[in-house]
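Subject: Handing over a structure, with notes

Dear colleague,

I am passing on the structure below, and I would be grateful if you could read the notes after it with the structure open beside you.

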Amino acid sequence: MLKLIGLIPVLPLVGVAINGLFGRRMSKRAVGLVGCGVVLAALIVSAGAVLDLSHLPADARYFETSFGTWLPLGPAGPHNEAVTIDWGFALDPLSAIMILVVTGVGFLIHVYSVGYMAHEEGFARFFVYLNLFLSMMLTLVLGSNLLVTFVGWEGVGLCSYLLIGFFYDRPFDVRTGLTCADAGRKAFLVNRIGDFAFVIGMLYLVTQFATLHYRTVATAVAGAGDTHHALLVAVGLLLFIGACGKSAQIPLYVWLPDAMAGPTPVSALIHAATMVTAGVYMVTRMSGLYVHAPEAMGVIAAVGALTAVFAATMGITATDIKKVLAYSTVSQLGYMFAAAGVGAWTAAIFHLMTHAFFKALLFLGAGSVIHGQHGEQDITKMGGLRTKMPVTFLTFLVATLAISGIVPLAGFFSKDEILWGAWSGGNKIVWGALAFAAGLTAFYMFRLAFLVFYGSYRGEHHVFDHAHESPRSMTVPLSILAVLSAVGGFVGIPAALTGGKDLNVFHHWLAPAVAVAEAGAEEHSVALEVGLMGLALAIALTGIGFAWLVYRKRPGSAGAIAGRFRPVYALWRNLYWVDELYEAVILKPFYAVSRFFAGFDRWVVDGLVNASAIGTDVVGQLLKLFQTGYVRNYALLFLMGVAAILVYLTV
């Protein structure tokens, strides 16, 4: 199956072609079968290829295939070598994990979408976009060089624009006045800022090392020593700015909460398995460069830790069920970047995988709640839904426990590995920030669960009377994801919990792809690791306990707390006024400059052109008076002219 990896991104494109060309004349059932079938085929080929890869010796787990020269760039690099870029794919332990996550979780989201979108218009168009999204993400992951990855990178950006704006004619956010189409444009434009930096970083690489091939870049960087240190730091930062745009880190995170304008399965796909993880994947893929640029890694760790706390505070006051989850995504991505920044590459990808399980489950569970309540998304108008939606409730609870880091669910192991990576690497401030964010995460996630599923219903009673569990096409994917969220962490169980036995399968699998980056970790005692593990668990339980106290034990106390800390509450409730700040500092000056140049173009440039045209026309009209067509008139005018000249010369 290894030789078939080129088929993996192509199979979803078959669904794009069939549903795109014939979808309007096909039944919804047929469209769904095609849309899901091609992803299932991609999953089967991916699983077979990864299985073949696993049979190779650990240090030989790399397979690359090229489909020919794509771009002959000409002479470049210090020796003016003839640089060519191949259209090639590569499978190694890192990309193997990613294609299984993308196709596996992506397939469940496709199946869920059949039920969720059953009553929506544009059913075939929706599956065309979903299939295209998956194809682009797989291209991104499998690319053997940065330029092929960039094609997928831009492809998922385009697809996110199409999917976020799927309900393009509907309003989205009352506070900002955004429509769904505006939200799609916002995502597209913010990502272009990061992409510009990404392109500049690639140009620096190709001019200095004459290659964009991942393995060749890593070898060239390792052989360059300190002679290119400043360049490597600059390239590392430029690529990270690109990752900030795609993975919604400070300051380019503002598009992700508004991505909730798309249908809920889109939110699950973007937030869990595809687009937002691209930045973490790319940074980890370039770990060979980053270990030679520790200053860039320091920036990544700082931005990641800050984003984890910053986004968590916004999740505390959000009332839209999907936006609470959106802020949690931004926060969890901060965890992954912080892990990468401290050199814990394995932990970053481990959390990426477990996060895909429980975040997809949370979004699909939220979609089930919205579906069962005919579109209601305000959690202050919900309550007591656990009896109406038992499967949704139980699976949602599993995901909530997992993201809160409760043992032995998947999030506990991956989050703990990140915390341990920060501490053992000597980054105590990063550890403190992430541990604090873990407490906030547990609080706002259980706030969400308590407000939605416990207590009395606070909305309109007829909505509650008609609330119902979702169909099996939606609850079966929820159940599968709940199992993965519960047991998925056991592939990365640390030796500290097994009496010294090394059972960390995930670490051993991924180590050949990132081993160089983790060589500098400090040695610490097992007792310290277990102690920190217990401390992190206690922080999470404290967050849950506080949520229980505020929203279950004393349900009226939330308003009193908000009133007592009104400035802080207002700051978080209004999302630090970041959107307003961007509008005042960037957008309004930009609009003013645009209006000035539009006026200059209209009144000055166009005015001069129009004035010259009018002048020419007037002269022409005057001259036309003398164009009679009679020779005697022309002779008379000639004589008058001669006479005038003679008078002028003699007087």
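The notes that follow take up helix packing, a strand hairpin, aromatic rings and some backbone details in turn.

Please keep in mind throughout that this is a predicted model.

I begin with the helices at the start of the chain. Helix α1, which covers residues 7–22, packs against helix α2, residues 28–54, with the axes 8 Å apart and at an angle of about 170°, which means that α1 is roughly antiparallel to α2. On the side of α1 the contact is made by Ile8, Leu11, Pro12, Val14, Gly15, Ile18 and Asn19, while α2 contributes Val31, Val34, Gly35, Val38, Ala41, Ala42, Val45 and Ser46. Sorted by class, the contact of α1 with α2 has 11 nonpolar and 4 polar residues, and no charged ones.

Another pair of helices is found further along the chain, where the axes of α16 (residues 390–404) and α18 (residues 428–453) come within 9 Å and cross at roughly 170°, so that α16 is roughly antiparallel to α18. The crossing of α16 with α18 is left-handed. Among the residues of α16 that take part are Phe393, Phe396, Leu397 and Leu401, and those they and their neighbours meet in α18 include Ala442, Met445, Phe446 and Phe453. The contact of α16 with α18 divides into 11 nonpolar residues, 4 polar residues and no charged residues.

The packing of helix α15 (residues 345–372) on helix α21 (residues 505–514) has an angle of about 125°, with the axes 9 Å apart, and α15 is therefore oblique to α21. Their crossing is right-handed. From α15 the contact takes in Trp345, Thr346, Ile349, Phe350 and Met353, which meet Phe506, His507, Leu510 and Val514 of α21; by class, the residues of this contact are 7 nonpolar, 2 polar and no charged.

Trp345 of α15 also belongs to an aromatic pair. The structure holds 31 aromatic pairs, and in one of these the ring centres of Tyr290 and Trp345 are 6.5 Å apart with their planes at 40°, so the pair is tilted. Tyr290 lies in helix α12 (residues 287–290) and Trp345 in helix α15, 55 residues apart, and the pair thus links distant parts of the chain.

Turning to the strands, β1 (residues 63–76) and β2 (residues 81–91) pair in the antiparallel sense over 10 bridges, and Ala76 has Glu81 in β2 as its bridge partner. The two strands, β1 and β2, form a hairpin with 4 residues between them, and in its turn Gly77 has a positive phi of about 85°.

Some backbone details in the loops are also worth a look. Most residues other than glycine have a negative phi, and most peptide bonds are trans. In the loop between α8 (229–246) and α9 (255–258) you will find Pro251, and the peptide bond that leads to Pro251 from Ile250 is cis, with omega near 5°. Ala248 lies in the loop between α8 and α9 as well, and the phi of Ala248 is near 55°, which is a positive value in a residue other than glycine. A cis peptide bond is also found from Val407 to Pro408, with omega near 5°, and Pro408 is placed in the loop between α16 and α17 (410–424).

With kind regards

Terms used:
Residues numbered from 1 in each chain as written. Predicted model: local features only at pLDDT ≥ 70, side-chain atom pairs only at ≥ 80, totals over all residues. Heavy atoms only, no water. Axes fitted to C-alpha atoms, helices over the stretch in contact; angles between N-to-C directions. Parallel < 35°, antiparallel > 145°, perpendicular 65-115°, else oblique. Left-handed = near helix turned anticlockwise from the far one by under 90°. Contact = heavy atoms within 4.5 Å. Nonpolar A, V, L, I, M, F, W, Y, C, P; charged D, E, K, R; others polar. Pairing = 2+ DSSP bridges. Phe/Tyr/Trp six-rings, centres within 6.5 Å; stacked < 30°, edge-to-face > 60°.
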